[in-house]
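The following questions and answers introduce a structure to a reader who has not met it before. Please consult the sequence and the model while reading.

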Amino acid sequence: MRDGFRCVHCESRHGIQAHHIFRRVTFPEGKYELGNGITLCRVCHKLLHSEFNRRPH
Ligand SMILES: [Zn+2]
Ligand SMILES: [Zn+2]
C-alpha cells in the first residue's frame with residue numbers, strides 16, 4: 001500500500017508482489033529502509049531473486 005500498488009523498480013502495476021527482505025544493494029539510496037518489505041512486479045521480483053540468491057522468500 002505504501003508503494004501505491006506499483007513496482008518500486010519499474011512502476012508497473014501488473015503482477016505486483018511484496019518482497020519482504022530489504023537489500024541495501026538493490027536500492028543504494030536507502031529510500032525504502034524504513035519498510036520491512038517493498039513492492040515489486042513479478043518480472044523485477046524474479047530478476048532480483050535470480051541475481052542475488054536464487055531462492056524464494
Ligand atoms: Zn517491476
Ligand atoms: Zn522476494
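Q: In which helix is the place of H45?
A: The model is a predicted one. Helix α1 covers residues 42–52. H45 has its place within those residues, so the element asked for is helix α1.

Q: Is H45 buried or exposed?
A: A residue counts as buried when its relative accessible area is under 20%. The relative accessible area of H45 is 5%, and therefore H45 is buried.

Q: Which side chain does the side chain of H45 join in a polar contact?
A: A polar contact requires a pair of N or O atoms within 3.5 Å. The contact made by the side chain of H45 spans 3.2 Å, and its partner is the side chain of H19.

Q: Which residues coordinate the zinc ion (ligand 1)?
A: Each donor is an SG atom, at 2.3 to 2.4 Å from the zinc ion (ligand 1). Along the chain the donors follow the spacing C-x2-C-x30-C-x2-C. Two of them, C41 and C44, are buried. The coordinating residues are C7, C10, C41 and C44.

Q: What is the arrangement of the four donor atoms around the zinc ion (ligand 1)?
A: Four donors count as tetrahedral if all angles lie between 85 and 135 degrees. The donor atoms around the zinc ion (ligand 1) subtend angles of 105 to 116°, so the arrangement is tetrahedral.

Q: Which residue has a positive phi although it is not a glycine?
A: The residue lies in the segment before β1 (16–19). Its relative accessible area is 54%, so it is exposed. With a phi of about 65°, the residue is E11.

Terms used
Residues are numbered from 1 along each chain as its sequence is written. Chains are lettered from A and ligands numbered from 1 in the order in which they are written. This is a predicted model: local features need pLDDT of at least 70, side-chain atom pairs count only at pLDDT 80 or more; totals for chains, interfaces and linings use all residues. Side-chain values use heavy atoms; hydrogens and water are left out. Helices (H or I, at least four residues) and strands (E, at least two) are DSSP runs, numbered from the N terminus. Buried means under 20% relative accessible area, exposed over 50%, partly exposed in between (1.4 Å probe, protein chains only). Donors are N, O and S atoms within 2.8 Å of the metal (3.2 Å for Na, K and Ca); water is not among the atoms, so sites may look incomplete. Four donors count as tetrahedral if all angles lie between 85 and 135 degrees; four count as square planar and six as octahedral if opposite donors are over 155 degrees apart and all others between 65 and 115; anything else is irregular. A polar contact is a pair of N or O atoms within 3.5 Å; within protein, one must be able to donate a hydrogen and the other to accept it, and residues adjacent in sequence count only if both atoms are side-chain atoms.
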